[in-house]
Amino acid sequence: MGHTNRRDLGLLVLRVGTGAVLAAHGTQKLFGWFGGGGVEGTTRAMEAMGFHPGRESAVAAGLGEAGGGALLALGLATPAAGAAAAGAMAGAVAVHAPAGFFAQGGGYEYPAFLGFVAAAIGVTGAGRLSLDHATGHVLDRPWVVAVAFVGSALAAAAVVGRRAGRSAEEDSGPEPAPEPV
């Protein structure tokens with residue numbers, strides 16, 4: 001097998017494995033599969049984690065993971081799929097960051113890894129063993145990579161920033177009433 005074929009086979013294995021993990025996580029959020037909470041349970045969890053509105057946050061996270069993961073596994077619209085999954089993982093990283101890096105302590109190691117792998121696949125492309133290749137890369141153009149990742153980064157920054165702002169407000173509590181003069 002030549003280097004190009006090994007590279008394409010390696011991308012296929014990486015895409016399918018990463019995409020399947022992301023899709024499974026997303027279907028927990030959207031449908032309650034694999035012991036997940038479904039949209040209602042995920043909505044409550046999102047609100048408890050400081051994401052508002054909770055339902056829209058739950059659906060967006062579920063679609064980013066399930067949709068992005070399924071598209072990565074298929075190698076279809078790979079830049080958009082990688083960007084969507086990476087954006088969803090940015091939110092998860094923000095939630096786990098206070099616990100440090102390592103997953104054993106509740107840290108962000110695992111979602112960061114999934115996000116980096118999804119982003120790398122989105123930037124690299126799906127390879128020849130993909131639906132992108134079979135369709136002549138109509139959804140995998142250089143401009144799509146730029147638009148998808150800039151859009152995902154802006155959306156993730158807005159959502160994570162709004163959550164951080166709300167957390168800061170809640171931590172500081174209400175301002176004390178002025179003392180009478």
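**Exercise 1. Locate Val13 in the chain, decide whether it is buried or exposed, and find the patch that Val13 helps to make.**

Step 1. Val13 is placed in helix α1, which covers residues 3–31; helices here are DSSP runs (H or I, at least four residues), numbered from the N terminus. This is a predicted model, in which local features need pLDDT of at least 70 and side-chain atom pairs count only at pLDDT 80 or more, while totals for chains, interfaces and linings use all residues. Residues are numbered from 1 along each chain as its sequence is written, and side-chain values use heavy atoms, with hydrogens and water left out.

Step 2. The relative accessible area of Val13 is 56%, so Val13 is exposed; the classes are buried for under 20% relative accessible area, exposed for over 50%, and partly exposed in between (1.4 Å probe, protein chains only).

Step 3. Together with Leu9 and Leu129, Val13 makes a nonpolar surface patch of about 250 Å². Such patches are made of residues with over 30% relative accessible area and no salt bridge, nonpolar side chains (Val, Leu, Ile, Met, Phe, Trp, Tyr) being joined within 5 Å and like charges within 9 Å. The accessible areas come from the Shrake-Rupley method with a 1.4 Å probe, and for residues only the protein chains shown count as cover.

**Exercise 2. Which residues form the salt bridges, and where in the chain do the partners lie?**

Step 1. A salt bridge is a side-chain nitrogen of Lys or Arg within 4 Å of a carboxyl oxygen of Asp or Glu, and by this rule the count comes to three salt bridges.

Step 2. Asp8 pairs with Arg128, their closest N and O atoms being 2.5 Å apart. This pair links distant parts of the chain, with Asp8 in helix α1 and Arg128 in the loop between α5 and α6 (131–134), 120 residues apart. Asp8 counts as buried because its relative accessibility is 8%, whereas Arg128, at 38%, counts as partly exposed.

Step 3. Lys29 and Glu65 meet through their side chains in a salt bridge of 3.0 Å, N to O. Here too distant parts of the chain are linked, since Lys29 belongs to helix α1 and Glu65 to helix α3, 36 residues apart. Both Lys29 and Glu65 are buried.

Step 4. The side chains of Glu40 and Arg55 form a salt bridge at 2.6 Å, N to O. The pair links distant parts of the chain, Glu40 in helix α2 with Arg55 in helix α3, 15 residues apart. Glu40 is partly exposed at a relative accessible area of 47%, and Arg55 is partly exposed at 41%.

**Exercise 3. At what angles do α2 and α3, and α4 and α5, pack?**

Step 1. Axes are lines fitted to C-alpha atoms, for helices over the stretch in contact, and angles run from 0 to 180 degrees between N-to-C directions.

Step 2. Helix α2 packs against helix α3 (residues 54–74) at an angle of about 115°, with their axes 8 Å apart. This makes α2 roughly perpendicular to α3; angles under 35 degrees count as roughly parallel, over 145 as roughly antiparallel, 65 to 115 as roughly perpendicular and the rest as oblique. The crossing of α2 and α3 is right-handed, where right-handed means that the near helix is turned clockwise from the far one by less than a right angle, and left-handed anticlockwise.

Step 3. Helix α4 (residues 78–96) and helix α5 (residues 109–124) pack at an angle of about 160°, with their axes 8 Å apart. That makes α4 roughly antiparallel to α5, and their crossing is left-handed.

Step 4. Within helix α2 (residues 38–48), the buried residues include Val39, Thr42 and Met46.

**Exercise 4. Find the backbone exceptions in the loops.**

Step 1. Most residues other than glycine have a negative phi, and most peptide bonds are trans.

Step 2. Phe34, in the loop between α1 and α2, has a positive phi of about 55° although it is not a glycine. Phe34 is exposed because its relative accessible area is 62%.

Step 3. Ala77, in the loop between α3 and α4, likewise is not a glycine and has a positive phi of about 55°. Ala77 counts as buried because its relative accessibility is 14%.

Step 4. The peptide bond between His52 and Pro53 is cis, with omega about 0°, and Pro53 lies in the loop between α2 and α3.

Conventions:
Helices (H or I, at least four residues) and strands (E, at least two) are DSSP runs, numbered from the N terminus.
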